[in-house]
Amino acid sequence: MVTMIAAPHIEIENLTVHYGAKPALRNVSLTVQRNEILAIIGPAQSGKTTLLRCLNRTVDHEPTARVTGVVRVDNEDIRQTNNVYDLRRRIGMVAPLPVGLPLTIFDNVAFAPRMAGIRDRAELAQRVERCLRQAALWDEVKDRLHTLGTKLSGGQQQRLTIARALSHEPEILCLDEFSIAIDPVTTMRIEDVLKELRARMTILLVTNLVQQARRLADRTAFLFNGELVELDATEKIFSATPRDRRTYDYTHGVFG
Amino acid sequence: MNAPMPHLFAVTPLTRKKQRREQLARAVFFTMALLLVVPLVLIVVYLVVQAWPVLSWEFLTTNPKRGMRAGGIWSALLGTFYLVGFSLLVAAPIGILAAVYLNEYAKDNWFTRLVNLAVINLAAVPSIVHALFGLGAFVIFFGLGKSILAASLTLAIMTMPVIIASTKEALAAVPRSFREACWNVGATRWQTIRHVVLPNSISGILTGVILQVSRAAGETAPIMFTGAVFFKAIEEGNLFAYGLRDQCMALSMHLFTISTQVPDVPHGLPFATAVVLLGTVLFINTLAIILRVWLRSRKKW
């Protein structure tokens, strides 16, 4: 009998990124399993955001960026594909600061499906409602879907961007410090949402909140200076005995 | 007893100094604004007062008569509308689309930088140089002859660099985060431009185009060599009295000739012509401002 070992959802091999002469990622290799929540921690300028941007290839829009290495999603080398638009539809991306597009709440969420060619009104309405519910925003905005998304409060806008990131039905969700601009109550609500979503998607969570990583993540990766210092079970990373001294220093605030 | 606490809102020498500076700054800026507005108002009032006896509907709709010493300005007014209209028809689409390419698509390399530098420099070239280029290129080389077509194209060449520059400014004012949000959900560059960038920059783009309307209407040099004539009578009241290959009269040129080239012109005539030229520009600007206010009311951030 053959034991089935699940193929990893995301495989990154020897990924190196330079912005101009400045290295942002150095030789990073890691794999992410399907339906896993992987937390990525690390100080500012450690390459966390760059890692996410390599995944949906928006790093290509950075004129000075040079990328080497291999990134595979579902065994497909995404650095070779010409169809970045389909790739990006498979990946939902939430930025640290909420970016409500200057459109109505409805249009913000319907944007991606429309750009993908969905015109049917009923289908769009259904999808908008589902995504807003998933992002725990529906009840607050259902009566004013056709007012501006940019008029919402910061926390609501962040949930709006999460709804937008879900609107193209991604299989991977990347959240880049999604909670730095929102209040703790909303943060907890979104965390509950993430726990539900993990049944359907793989989640990469860049965070600097130790407790948040502990609450959500199966494994945690520690990036420092563009280098992957350590990737291990979350409890191990935050314990008193991680494998690397620098991890301990960082998670325990010893860093100067 | 301790010494009494100084009152929280007590006036200290520092606050007095800050207040004096604040008043001074305000006074300086106010004076400058006044210096700007007063001469402008005086000029307009003077022009209108001098022109008043001559201005009438008939003045607008009849050709000049008796060697420009009587009659109206119909052929010059219509000529100016033709020149401005056709030059805009050429310059605005090309200029705006080129600016979209330069700002949204072009990679930042030496060639793009060279093009940008050329655009900025072209915008600063005096109009008489454009006039000579128009004469050489359109009138002679392309064989268009002296015509509305050649003159409009010359005006278009003159206004295009400025339209490109101002459009680029307007596009650059749209936050990059909007574009990234669109790219992140799989929108192409064109979809991003069409649905997010253009709707949010259109009022700024229009402002740039509008300023060039005034400039095209007021310039004399570029049309003098390429299509504007001293005198031409056309059918009065017919909006299609000019053909594209015809030569035409223009308000700016007409003002120049009756003020300096023709003896014994009645006193009010040049003033009236100037008022009409001013009024034409104001009219077009007003249309544009209305359009802009309407578009801005739909702007979402």
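Colleague: Which exposed residues sit on the face of helix 4 of chain A turned away from its buried side?
Modeller: That face carries A:Ala122, A:Glu123 and A:Gln126. Exposed is 12 or fewer other C-beta atoms within 10 Å of a residue's own, buried is 20 or more, partly exposed is in between, with C-beta atoms placed from the backbone. Helices are DSSP runs of H or I, at least four residues, and strands are E, at least two, numbered from the N terminus.

Colleague: Is this predicted, and what numbering applies?
Modeller: The model is predicted; local features need pLDDT of at least 70, side-chain atom pairs 80 or more, while totals for chains, interfaces and linings use all residues. Residues are numbered from 1 along each chain as its sequence is written, with chains lettered from A and ligands numbered from 1 in the order written.

Colleague: Which residues of helix 4 of chain A are buried?
Modeller: A:Arg127, A:Val128, A:Cys131 and A:Leu132. They cover an arc of only 130° around the axis, so they lie on the same side of helix 4 of chain A. The arc is taken from the directions from helix axis to C-beta atoms.

Colleague: What covers them?
Modeller: The cover includes helix 3 (105–115), helix 5 (138–141) and helix 6 (154–166) of chain A. Contact means C-beta atoms, placed from the backbone, within 7 Å.

Colleague: Switching to helix 7 of chain A. Which residues are buried there?
Modeller: A:Ile190, A:Leu194 and A:Leu197. Their arc is only 60° around the axis, so they share the same side of helix 7 of chain A.

Colleague: And which exposed residues are on the face turned away?
Modeller: A:Pro184, A:Val185, A:Asp192 and A:Glu196.

Notes. Two residues are in contact if their C-beta atoms, placed from the backbone, lie within 7 Å.
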